[in-house]
There are 2 protein chains.
Amino acid sequence: MQRYFIKEDQFSGDVVTLNGEDAHHLLRVMRARPGDQIIVSDGREREALVEITTIAKDQAEASVVQWLSQDQEASVAVTIAQSLPKGDKLETVIQKGTELGAAAFIPFVSSRTVVQYDARKEAKRLDRWRKIAKEAAEQAHRSKVPEVEDVASWQHIVEIATQYDLALLCYEKTEATQGLRTLLTQARANWLQADSRCQASGQEAQASRPSILLIAGPEGGFTEQEAEQAAGAGIQLAGLGKRILRTETAAMAAIACVMYEFNEMGGTS
Amino acid sequence: MQRYFIKEDQFSGDVVTLNGEDAHHLLRVMRARPGDQIIVSDGREREALVEITTIAKDQAEASVVQWLSQDQEASVAVTIAQSLPKGDKLETVIQKGTELGAAAFIPFVSSRTVVQYDARKEAKRLDRWRKIAKEAAEQAHRSKVPEVEDVASWQHIVEIATQYDLALLCYEKTEATQGLRTLLTQARANWLQADSRCQASGQEAQASRPSILLIAGPEGGFTEQEAEQAAGAGIQLAGLGKRILRTETAAMAAIACVMYEFNEMGGTS
């Protein structure tokens, strides 16, 4: 069923108003009529199955048939930090990463980033990236739209890494690199153990989802200095196997593997 | 190091000849000179580190410095059968699937395929798809170029499925659908058990890699009838989790998960 993310103030009791592009999409693309049902979500607290009551070019109204629980989100919060790649590759990373359940994206600039940073153009690109995240979240039937943060510096990425339960830098094999699966299975085992300790001592299981920061480099990868700096800040250097992946493939493949490890790609082990 | 796939007859003893686009790429893009080293592979038996001896516009010669073992290939042979998607999405599937280690691709036509099949155009498209596979294999440092087979019918896919150790159809949740991880871990456990039985009885472990056929639908997915037909032919219906993936994302995510399960994405569990 078609889903739309709307703003909180578009909910008014049991009545929902859609406008702008959403109303246009509903009327022109979906050819919706009064009586048709869709799902709307504010991406935070409210999600509902609604029935269209009136529809016109610029505006549609719908009434709530059933409130839904927001259970489409993953049990692990993955943030993808992607050094700005060339062309429209970041769009691919955001679209595919959103489908695969990413919680947030942070584009950043590192030594080998070849894309010229232009603050004026950046506002436009951010708007575009956020629109791609919204549309991909709708298409994937997600309950939340992942955030796309402003373009950050490499220094910022290193600084915030400690806020995550696990921070991984996709890096080619060196002595300090460990395999992605080794790192993920260890981390997951630790979380499960901590949860069962909480339960055994009569406490609630850990309230929040484990958080993972996945850091992918630009076309030329990270410099040795950046890798050392990352390792010094507690970021794990993660190898993704013996085949060399393009920058945008690395981020997509890594989040697919994280989701698989956390039983989010269908089935359990 | 730059890699080139060449034909078997371009090897002559310890001398290698590069020509056409490869010679052009070497000279114009890589700006190579005599003394520079590259890796060449015939994609089957021979792979070597070679040193350029002469280089001109149309031809380069190089001599073998060291013969290499072809150990970049995955321990599982994954064939991606992809119902023809719109636009250039199959190019994305072939490029990313090759990077992630796919052994072969079979484009096919199913009920909901919206792309018009045109035999005349098809030859051109096949050439293009094969070129993308070759370039992606070079870029990913693979030892073999995955095959891109001619466009097949749905019936053909159903018929060949029994030739694989495991055939999976990416399908939305129904009662007959099992989760991808459940299916993969079971299959892998069975293979490992069969291997250890062989070893215990003094036989060699199974000679060939396990083979997996991953079948992904077109934009509209498979019909119920196709899913039933597949299940009847022993193809497992595999769910990829609760987020709905675009057709090209499903194939890429599924092969990443297979490779992860087989310890091919870095590290072991």
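**View 1. Charges and surface of chain A in the predicted model.** In this predicted model, chain A carries 30 positive and 38 negative charges, and the mean positions of these two sets lie 6 Å apart. The accessible surface of chain A amounts to about 12,700 Å², and carbon and sulfur atoms account for 45% of that area. Of the 269 residues that make up chain A, 51% are buried.

**View 2. The fold of chain A.** Seven helices and 14 strands form the secondary structure of chain A, whose C-alpha atoms occupy a box of roughly 65 × 55 × 30 Å when this is taken along the principal axes. Among the contacts of chain A with a separation of 6 or more, 73% are made by residues that stand 24 or more positions apart.

**View 3. The relation between chain A and chain B.** Two copies of a chain are related by a rotation about an axis and a shift along it. Here a turn of 180°, with a shift of 0.0 Å along the axis, lays chain A on chain B with an RMSD of 0.1 Å, which means that the two chains have the relation of a two-fold axis. Within chain A, the C-alpha nearest the axis belongs to C257(A), at 2.9 Å from it. Both copies use the same surface, in that 100% of the contact residues of chain A recur in chain B.

**View 4. The contact between chain A and chain B.** Chain A gives 46 residues to the contact, and chain B gives 46 residues as well. Between them the two chains bury about 3,900 Å², with 50% of this area on carbon and sulfur atoms. On the side of chain A, the residues that lose the most area to chain B are R181(A), R243(A) and Y260(A), which together make up 24% of what that side buries.

**View 5. The surroundings of T223(A).** In chain A, T223(A) sits in the loop that runs between the strand β13 (211-216) and the helix α6 (224-232). Because its relative accessibility is 16%, and buried means under 20%, T223(A) counts as buried. When its neighbours within four places in sequence are left aside, T223(A) is in contact with S111(A), R112(A) and Y171(A). A further reference point for this view is I157(A), which is 66 residues from T223(A) in sequence and, from C-alpha to C-alpha, 15 Å from T223(A) in space.

Technical notes. Residues are numbered from 1 along each chain as its sequence is written. Chains are lettered from A and ligands numbered from 1 in the order in which they are written. This is a predicted model: local features need pLDDT of at least 70, side-chain atom pairs count only at pLDDT 80 or more; totals for chains, interfaces and linings use all residues. Side-chain values use heavy atoms; hydrogens and water are left out. Helices (H or I, at least four residues) and strands (E, at least two) are DSSP runs, numbered from the N terminus. Buried means under 20% relative accessible area, exposed over 50%, partly exposed in between (1.4 Å probe, protein chains only). Contact means heavy atoms within 4.5 Å. Accessible areas come from the Shrake-Rupley method with a 1.4 Å probe; for residues, only the protein chains shown count as cover. Lys and Arg count as positive and Asp and Glu as negative; His and the chain ends are not counted. The place of a charge is taken as NZ of Lys, CZ of Arg, CG of Asp or CD of Glu. Copies are superposed by least squares on the C-alpha atoms of residues with pLDDT of at least 70 in both. Buried area is the accessible area (1.4 Å probe) that two parts lose on being put together, summed over both.
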